[in-house]
Amino acid sequence: MDDEGSSVGFKLYNQIELQEFPDKFIVKSPDEGFSIDRSNGNIEPLTSDSCPGNPTKVQTIYGVAGTIRLVAGTYVLVITSRKEVGKYLGSPVFRVMSMNFLSCNAALKLSTAQEKRDEAYFTALLKIIETTPGLYYSYETDLTLNFQRRFKLTEGWTSRAIWKQADPRYVWNRNLLEELIECKLDGFIIPLLQGSFQAAALKIKDVPANLTLISRRCTRRLGTRMWRRGANLEGDTANFIETEQFLEVKGFRTSLLQVRGSIPLLWEQIVDLSYKPQLKLINHEQTSRVVERHFQDLLQRYGDIVAIDLTNKHGEEGQLSAAFAAEMKKLPNLRYISFDFHHYCGNSNFDNILLLYDQISEEFGNQGYFLVDSEGQILEEQKGVIRANCIDCLDRTNVTQSYLAQKSLDLQLQRIGLLSSAESISMFSEDYTTFKIMWVEHGDEISVEYAGTHALKRDLVRYGKQTMSGFIKDGISALSRYYLNNFQDGIRQDAIDLISGHYTANKNRPSPFPLNGFESLSYLPVASALVIGGLTLTSFTLCQAGRNAQHYVSSVLWAGLTAGVLALVKANGRQFCSRPRLCGLV
């Protein structure tokens, strides 16, 4: 095993100076540095003979997140501000607060008109990438491996470069690191984790404890809520997240893992201006193999799996759930439980989640948790995980996971001897409130990354019931999701596909934006103006109708025109929504 402190760990440079020159950028740490040519983006290590003169600008940066080559230039992503948010295994953890792409695209002036248009769209995507939420890193430790997995690694593992320690599936910027890796700039290579990191100090019975909640978002099917649903043919699912609850108390260290992910079938839900777009299963000969691949991967990584499906059992959700259940019957040694969360726990009946827990309590107890004592001896191992899903794997899933996390925390504290078998963390109001707030904020962050808004059902986690203020906030978030999903997420999906390497910009491949191509979104303002104008004129002429029959006729005409435009927009809803243009759905 490679326990923390058993060997000298690798550390990244955390004091970095960025110098700008007319022809190059220079990135320097106290020990080494490299230059980036502003005309072609080529990277060269600095030597003692490198004396470029006085820079035009000097600034402090906090990391180099990688490089990306587009049609006519290279762009370097640097971290320009950060915030320390806690510690993981004794090492400080930082959240990225702002990033910036440095342009190395002097060759753009020699490009064709089409290449310049393509580059302009791609650079607009880079602006979106700069605002990516929920990115975390550490200069001293890898965040992508859970505690149980890293504890069992071979001696000396942590002396390797941090990017070599990391699990590639959870490295958000893995596609951007290739050139830095080729140039052997290990001290500058920062693996960024997208997800959530919450840390808090507790004091249970006057005994200090540290509780950490860390979530790791898988990059294999990265995307937005409506444009990445279900699984791809390799079995990777959308919004797949590994969540670890990590506790340090009285020299003991203990962790619980849970996972969530979209229903691992081939399905879609394409936005069309309706509030709840149609769910559609994609018939494919590989469907059974997709489900099998997904769960085989989970079995290899985590052990025993209990799959909890929280979707509705009626309507389109019910059809999707039934298809999932049918596929799960084909897989041996897997427990599948269907629990209609809205049916049992709706109308503030959150206590009914006990009905679910009663069904899985035996397996949940057998799966256990990971526990290490102050001497580094393994006392307990987690032998499997609960895999939960709803439709988005956000709101219902977060409520359920927080409940299971509390149950496990009680068991851990009882095993350590801090609580008796009759006691629970819920009996200590201050610590319990902290625990619930951590899970609320964790759910919010995960939701913002996938859906663009805070999570719904936050009150169920925090108070165990729905409040009026929570109901209003949920309504606002639901409307925000509607707007973002319909009118923003198409271009945001393009940005994610570009940064994750699912699409590669190259001047030798055909342009994804052909000349005179139809851009349907441009007609949305026209349609909106016609509808609003028609409603306004209809209202105005109706007010005048009593005075003049001609006004009454005008009212009917304007009302008819408005209704016609509304019908046209509704019938062609998909054409008015923001759609990704770089990659397909599967």
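Buried means under 20% relative accessible area, exposed means over 50%, and partly exposed is whatever falls in between, worked out with a 1.4 Å probe on protein chains only. Keep that in mind for the stops below.

You are looking at a predicted model, in which local features need pLDDT of at least 70 and side-chain atom pairs count only at pLDDT 80 or more, while totals for chains, interfaces and linings use all residues. Residues are numbered from 1 along each chain as its sequence is written, and side-chain values use heavy atoms, with hydrogens and water left out.

**The whole chain**

Start zoomed out. The chain has 15 helices and 20 strands; helices (H or I, at least four residues) and strands (E, at least two) are DSSP runs, numbered from the N terminus. Of the 586 residues, 55% count as buried. Now turn on contacts, meaning heavy atoms within 4.5 Å. Among those between residues at least 6 apart in sequence, 70% join residues at least 24 apart.

**First stop: the five-stranded sheet**

Select β1 to β5. They make an open sheet in the order β4-β3-β2-β1-β5, with antiparallel pairing; two strands pair if DSSP finds at least two bridges between them. At the edges you'll find β4 (43–45) and β5 (57–61), each with a single partner strand, so one side of each has no neighbour in the sheet. From one strand to the next, the twist averages 20 degrees.

Next, pick out β1, residues 16–20. Four of its five residues are buried, so the strand is largely enclosed by the rest of the structure. On one side, β1 runs antiparallel to β5 over five bridges, and you can spot E17 opposite T60 of β5. With β2, β1 shares four bridges, again antiparallel, and E20 has F25 in β2 as its bridge partner. Three residues separate β1 and β2 in their hairpin.

Carry on across the sheet from β2 (residues 24–28) to β3 (residues 33–37): five bridges join this antiparallel pair. Click F25 once more, since I36 is its bridge partner in β3.

**Second stop: two hairpins in a row**

Select residues 64–104. Strand β6 (residues 64–69) pairs with β7 (residues 74–88) in the antiparallel sense over five bridges. Here I68 sits opposite Y75 of β7, and four residues lie between the two strands of the hairpin.

Then follow β7 into β8 (residues 91–104), an antiparallel pair joined by 13 bridges. This hairpin has two residues between its strands, and L89 in the turn has a positive phi of about 55 degrees. At T74, look across to C104 in β8.

Stay on C104 for a moment: with 0% relative accessibility, this cysteine is buried. Jump to C183 for another one, which counts as partly exposed at 25%. What does a search of the whole structure find in the way of disulfides? Zero, where a disulfide would be a pair of cysteine sulfur atoms within 2.5 Å.

**Third stop: a helix crossing**

Show α1 (residues 113–129) and α13 (residues 489–499). They pack at an angle of about 90 degrees with their axes 9 Å apart; the axes are lines fitted to C-alpha atoms, for helices over the stretch in contact, and angles run from 0 to 180 degrees between N-to-C directions. The two helices are therefore roughly perpendicular, a label for angles of 65 to 115 degrees.

Which residues make the contact? Show side chains for Y121, F122, L125, L126, I128 and I129 of α1, and for I491, R492, D494, A495, L498 and I499 of α13. They divide into 10 nonpolar, no polar and two charged. In that count, Ala, Val, Leu, Ile, Met, Phe, Trp, Tyr, Cys and Pro are nonpolar, Asp, Glu, Lys and Arg are charged, and the others, Gly among them, are polar.

**Fourth stop: two loops with positive phi**

Go to D206, in the loop between β10 (193–204) and β11 (207–217). Its phi is near 65 degrees, a positive value in a residue other than glycine. D206 is exposed, with a relative accessible area of 66%.

Now select K250, in the loop between β12 (241–249) and β13 (252–260). Phi is positive for K250 too, near 55 degrees, and at 47% relative accessibility K250 counts as partly exposed.

**Last stop: inside a helix**

Finish at S408 in helix α9 (residues 395–416). Is S408 buried or exposed? Buried, at 1% relative accessibility. Leaving out residues up to four places away in sequence, S408 touches L256, F364 and Y369.

Note on methods:
Angles under 35 degrees count as roughly parallel, over 145 as roughly antiparallel, 65 to 115 as roughly perpendicular and the rest as oblique.
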